[in-house]
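Visitor: I'm new to this structure, and I'd like a close look at a single part of it. Could you pick one loop, start there, and then walk me through whatever surrounds it?

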Amino acid sequence: MGVCHDKTTTMLRTQNYNVVRHPRDGINPLDLIGAFKDAVHQLGGLDKLISNPPANAPTITRDQIAADLEGQQSDKQAAGIGLSFLSSILKALGGDLDVSAQYQKARRLQFTFNDVVTDTVAPLDVGEYLKKGQVNADNLVLQQFVLGQGTLFLITQTLKAKRITVKSENENGTEVKVDVPVIKGIASGKVNVESSADQSSLVTYSGDKSIVFGFQAFRVGVAGGVLSLVPAAPGSVSFGVTFDPT
């Protein structure tokens with residue numbers, strides 16, 4: 001069963017990342033995620049994978065500037081998909097806002113990611129940590145993903161941004177301007193809204209915290225009771241959609 005690739009997925013895959021279809025905070029390196037049938041679940045931390053975890057977990061290096069990803073744009077998306085993505089972003093930034101009415105004339109949306117940083121853990125450090133422990137085969141949830149029919153992944157890097165710029169167009173590629181003061185009124189200070197004019201096709205949304213919209217991961221396996229880690233192919237797993245375990 002393959003991942004349903006849309007334009008955002010394609011952009012991140014070319015940069016060696018998997019997509020978080022509903023961007024949010026609370027996703028970190030050393031998190032375990034399990035894919036089963038058509039769902040992907042966030043399961044908990046790496047220490048739950050082994051029965052006698054070492055005292056010191058691998059170090060996470062946070063907020064590294066991702067210069068090669070700064071200003072990266074998604075391809076142009078159909079308005080319905082784009083508005084769903086935008087709704088998730090606004091909720092994660094701190095405001096459960098409905099701005100869809102302001103984009104009703106738009107037929108395509110394009111996203112630009114600004115102030116992009118990464119949180120990273122070294123895979124070699126993870127390997128050293130895991131080789132000192134035994135698989136926690138008694139955990140009923142882990143059994144389904146390590147020894148059962150699911151697939152287990154370990155997040156090693158997350159991709160985060162504090163500011164997202166949205167560009168709106170009609171079906172002919174002409175920019176569609178939105179009413180920025182109205183959007184600011186809806187936001188009511190919960191989300192920062194910026195634009196160069198009161199009527200603009202480019203609107204930037206930001207908040208106090210970074211939200212995760214992409215990640216890298218290793219697939220976790222067990223052979224003869226011994227854990228194995230294999231890099232997951234970019235685009236092979238994503239939150240909220242089906243997965244491809246190959």
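Guide: Let's start at asparagine 16, which sits in the loop between helix H1 (7–14) and strand E1 (18–24). Keep in mind that this is a predicted model, so everything here is read from predicted coordinates. What makes asparagine 16 worth a stop is its backbone: it has a positive phi of about 70° although it is not a glycine. As for its surroundings, asparagine 16 is partly exposed, because its relative accessible area is 47%, and that falls between the 20% and 50% cut-offs.

Follow the chain past E1 and you come to another loop, the one between E1 and strand E2 (31–36), and there you find leucine 30. Leucine 30 also has a positive phi, near 80°, and it isn't a glycine either. But leucine 30 is buried, with a relative accessible area of 10%. So one of these two loop residues, asparagine 16, counts as partly exposed, while the other, leucine 30, counts as buried.

Now step back for a moment to see what these loops belong to. The chain has five helices and 13 strands. Its C-alpha trace spans about 60 × 35 × 30 Å along the principal axes. For 246 residues, a compact globule would have a radius of gyration near 18 Å, and the chain comes out at 20 Å, which agrees. Buried residues make up 47% of the 246. And if you take the contacts with a separation of 6 or more, 79% of them are between residues 24 or more positions apart.

You can see that kind of long-range link in the aromatic rings. There are two aromatic pairs in the structure. In one of them, the rings of phenylalanine 85 and phenylalanine 111 have centres 5.0 Å apart and planes at 80°, so the pair is edge-to-face. Phenylalanine 85 is in helix H2 (residues 79–93) and phenylalanine 111 is in strand E6 (residues 108–114), so this pair ties together parts that are 26 residues apart in sequence. Both partners are tucked away: phenylalanine 85 is buried at 6% relative accessible area, and phenylalanine 111 is buried at 0%.

The other pair is phenylalanine 113 with phenylalanine 213. Here the ring centres are 4.1 Å apart and the planes are at 5°, so the pair is stacked. It links distant parts of the chain, with phenylalanine 113 in strand E6 and phenylalanine 213 in strand E12, 100 residues apart. Phenylalanine 113 counts as buried at 1% relative accessibility, and phenylalanine 213 is buried too, at 4%.

Stay with helix H2 and strand E12, and look at leucine 93 and serine 206. Leucine 93 is found in H2, and serine 206 is in E12, which runs over residues 202–223. Leucine 93 is buried, with a relative accessible area of 4%, and serine 206 counts as buried at 6%. Leaving out residues up to four places away in sequence, leucine 93 touches Lys162, Lys190, Val191, Tyr205, Ser206, Gly207, Lys209 and Ile211. Seen from the other side, and again without its neighbours within four places, serine 206 is in contact with Leu93, Lys162, Arg163, Val191, Asn192 and Glu194. For a sense of distance in the other direction, try leucine 93 and isoleucine 50: they are 43 residues apart in sequence and 34 Å apart in space, C-alpha to C-alpha.

One last stop is the empty space. Rolling a probe the size of a water molecule over the atoms shows where such space is left. The largest pocket holds about 170 Å³. It is lined by 11 residues, and those closest to its centre are Leu130, Lys131, Gly133, Val226 and Leu227. Two elements give two or more residues to that lining, helix H3 (123–130) and strand E13 (226–231). The largest share, three residues, comes from E13. By type, the lining of this pocket divides into six nonpolar residues, four polar and one charged.

Note on methods
Residues numbered from 1 in each chain as written. Predicted model: local features only at pLDDT ≥ 70, side-chain atom pairs only at ≥ 80, totals over all residues. Heavy atoms only, no water. Helix = DSSP H or I, 4+ residues; strand = E, 2+ residues; numbered from the N terminus. Buried < 20%, exposed > 50% of the residue type's maximum accessible area, 1.4 Å probe, protein only. Contact = heavy atoms within 4.5 Å. 1 Å grid on protein atoms, 1.4 Å probe; cavity = no way out; pocket = protein on both sides within 12 Å on 5 of 7 lines; lining within 4 Å. Points joined across faces, edges and corners; volume = space filled by probe spheres on them. Nonpolar A, V, L, I, M, F, W, Y, C, P; charged D, E, K, R; others polar. Phe/Tyr/Trp six-rings, centres within 6.5 Å; stacked < 30°, edge-to-face > 60°. Rg over C-alpha atoms; globule rule 2.2 N^0.38 Å.
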